[in-house]
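Let's take a walk through this structure together, one stop at a time. Keep the picture open beside the text and turn it as you read.

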Amino acid sequence: MGRSSFVVVANRLPVDQVNTPQGRQWRRSPGGLVTALQPVLAARRGTWIGWTGAASKPGEPPIEPFEIEDMILRAVPLSPEEIELYYEGFCNSSLWPLYHDAVETPVYQRSWWEAYRRVNERFADAAAEEAAEGGVVWVQDYQLQLVPAMLRARRPDLRIGFFLHIPFPPIELFAQLPRRTEVLRGLLGADLVGFQQPLAAQNFLRLTRHLLGLRPRGDSVEVDGRQVTASAFPISIDVAEIENLVATPHIRQRAAEIRHELGDPKTILLGVDRLDYTKGIEQRLTAFQELLADGTVSVPDAVMVQVATPSRERVEHYQALRVKVEREVGRINGDYGRVGVPAVHYLHQSYSRSELAALYCAADVMMVTPLRDGMNLVAKEYVAARADLGGALVLSEFAGASAELRQAFLVNPHDLDGLKDALVRAINVDPIEANRRMRAMRRHLRTHDVRAWARSFLTSLGVLDTMTT
Ligand code: ADP
Ligand code: G6P
């Protein structure tokens with residue numbers, strides 16, 4: 001029996017292992033899951049079980065649990081073969097595209113499933129070892145959908161929650177998935193299954209009827225004599241962290257510097273994403289290119305900055321996307337750039353939180369145009385950073401965040417004319433109207449930050465009273 005009364009299990013630890021000549025170092029790992037959960041776990045001094053992002057070597061001694069920023073981290077090793085079959089294969093070539101409306105065609109290979117099952121067993125073993133008697137284990141995301149049932153079989157004394165950070169597909173799409181009933185049964189091992197949107201929870205409950213013949217009632221369903229509840233808990237960010245950051249003179253000064261380095265243009269348009277085909281990066285580049293071509297905007301009055309963190313670089317879909325994006329950036333700069341003034345500043349890099357905050361403060365128009373996204377925390381970070389009430393957010397209707405940030409310039413990113421029109425309206429918005437929109441969105445975020453999200457999930461799981469907040 002373990003020692004932690006609160007355990008989070010996620011594919012990734014909040015830090016990635018980097019091997020340097022000086023030895024092993026740790027740096028923050030990418031993505032919205034880490035951004036959201038880190039403050040929640042740190043506040044409760046819980047244990048985080050996850051992968052280090054590096055391949056384990058045969059015979060290598062295991063990494064002992066270690067402490068970082070008020071969390072205990074326990075590493076789960078993945079071999080190079082498991083990274084290929086489980087992470088790059090089943091997780092990111094089958095599940096990721098399928099759950100995102102199949103915007104890229106999901107690939108299925110039978111050998112991937114066995115690795116997915118085996119790795120899920122390993123995470124379940126680690127959680128079973130780590131959790132204290134009667135403790136709470138909160139399993140995260142699509143990589144670990146089998147863990148809830150595996151963990152329940154090992155430790156029926158635990159309260160088990162599961163949260164899916166990405167969209168959950170409609171029945172017709174989910175039905176494509178080989179091993180779909182095993183996945184569903186895996187999730188049903190939890191006491192509470194959380195989704196970003198109410199429709200996703202409904203899809204899930206309907207599937208339990210459709211594929212397993214169960215009888216969902218309201219927001220729950222009975223399985224093996226237990227009640228499993230499924231509902232929506234839209235995730236958020238640490239609003240106070242960003243507000244504190246942008247209140248420092250250093251960030252304000254850095255934002256001014258960035259504007260200057262970009263040539264003091266009238267309009268800075270910004271995109272910040274993992275380099276992922278769900279994010280609609282190509283669509284926004286095309287829209288910007290057409291605006292330049294028809295003379296609606298011109299260099300150097302308007303410049304675009306696209307920060308695209310490297311992501312899943314060995315997966316084919318991602319390699320193809322990188323080629324397309326970089327070709328398009330090159331083409332736009334070739335056609336419309338000037339010496340020393342490119343039209344698009346493309347940065348295939350990861351940035352620090354403070355540099356990102358400064359970029360948000362510098363940007364007049366933030367472009368968040370995913371074709372499908374569970375939530376999209378970048379949109380929320382931009383709003384949190386605009387304490388000055390400046391800036392305009394162009395936001396896809398297909399991002400979960402659009403259900404909350406209703407005062408954004410909402411767009412359908414598949415509709416190129418609509419996207420161009422929204423960009424033009426955002427560029428030319430009257431400052432009073434821009435302030436009004438930003439104020440309303442900020443008001444919403446203040447009361448819906450990540451602490452409220454965690455409280456609401458843990459209350460529904462029936463465990464909040466037993467934990468410190
Ligand atoms: P996803 O989880 O699919 O990556 P989100 O928008 O929900 O998308 O979350 C992305 C997180 O990663 C945000 O917290 C954002 O600040 C961070 N991020 C995105 N791009 C970069 C980058 N280039 N450098 C550092 N952090 C980044
Ligand atoms: C999204 C997923 C997370 C994932 C992150 C980064 O936020 O929901 O589960 O960790 O992207 O992706 P990666 O494959 O690098 O972990």
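Before the first stop, here is a bit of vocabulary: an angle between axes counts as roughly parallel when under 35 degrees, as roughly antiparallel when over 145, as roughly perpendicular from 65 to 115, and as oblique for the rest. Bear in mind, too, that what you're looking at is a predicted model.

Let's start with a pair of helices. Helix H3 covers residues 110-130 and helix H4 covers residues 147-154; the two pack at an angle of about 45°, with their axes 9 Å apart. That angle falls in none of the other classes, so H3 and H4 are oblique to each other. As for the hand of the crossing, H3 passes H4 in a right-handed one.

Now compare that with another pair. Helix H10 (residues 281-293) and helix H11 (residues 316-336) have axes that come within 10 Å and cross at roughly 15°. With a cut-off of under 35 degrees for roughly parallel, H10 and H11 therefore count as roughly parallel to each other. Their crossing is left-handed.

While you're around H10, look along the loop between H10 and S13, where you'll find Pro300. The peptide bond leading into Pro300 from Val299 is cis, and its omega is near 10°.

Another loop deserves a stop, the one between strand S7 (131-140) and H4, because that is where Asp141 lies. The backbone of Asp141 has a phi near 70°, which is a positive value in a residue other than glycine.

Asp141 also leads us to the ligands. It's among the closest residues to ligand 2, together with Arg12, Tyr87, Gln143 and Arg312, and 14 residues surround that ligand. Zoom in on the polar side-chain atoms here. One from Asp141 sits 2.5 Å from an oxygen atom of ligand 2, and one from Tyr87 is likewise 2.5 Å from an oxygen atom of the ligand. Gln143 brings a polar side-chain atom to 3.1 Å from an oxygen atom of ligand 2. How much of ligand 2 does the protein bury? On its own the ligand exposes 380 Å², and the protein buries 93% of that. Two elements give two or more residues each to this shell, helix H1 (32-44) and helix H2 (80-99). By residue type, the shell splits into six nonpolar, four polar and four charged.

Our last stop is ligand 1, which 19 residues surround; the closest are Gly32, Thr35, Arg274, Tyr351 and Glu381. Which atoms of Gly32 and Arg274 do the touching? For Gly32, a polar backbone atom is 2.7 Å from an oxygen atom of ligand 1, whereas for Arg274 a polar side-chain atom lies 2.7 Å from an oxygen atom of the ligand. Val378 uses a polar backbone atom, placed 3.2 Å from an oxygen atom of ligand 1. Ligand 1 has 570 Å² of accessible area on its own, and the protein covers 89% of it. The elements giving two or more residues to this shell are H1, strand S12 (267-274), strand S13 (302-309), helix H12 (353-362) and helix H13 (377-385). The residues around ligand 1 divide into seven nonpolar, seven polar and five charged.

So where does H1 turn up? It gives residues to the shell around ligand 2, and it also gives residues to the shell around ligand 1.

Key:
Residues are numbered from 1 along each chain as its sequence is written. Chains are lettered from A and ligands numbered from 1 in the order in which they are written. This is a predicted model: local features need pLDDT of at least 70, side-chain atom pairs count only at pLDDT 80 or more; totals for chains, interfaces and linings use all residues. Side-chain values use heavy atoms; hydrogens and water are left out. A residue is near a molecule or strand if one of its heavy atoms lies within 4 Å of it. A polar contact is a pair of N or O atoms within 3.5 Å; within protein, one must be able to donate a hydrogen and the other to accept it, and residues adjacent in sequence count only if both atoms are side-chain atoms. Accessible areas come from the Shrake-Rupley method with a 1.4 Å probe; for residues, only the protein chains shown count as cover. Helices (H or I, at least four residues) and strands (E, at least two) are DSSP runs, numbered from the N terminus. Ala, Val, Leu, Ile, Met, Phe, Trp, Tyr, Cys and Pro count as nonpolar, Asp, Glu, Lys and Arg as charged, and the others, Gly among them, as polar. Axes are lines fitted to C-alpha atoms, for helices over the stretch in contact, and angles run from 0 to 180 degrees between N-to-C directions. A crossing is left-handed if the near helix is turned anticlockwise from the far one by less than a right angle, and right-handed if clockwise.
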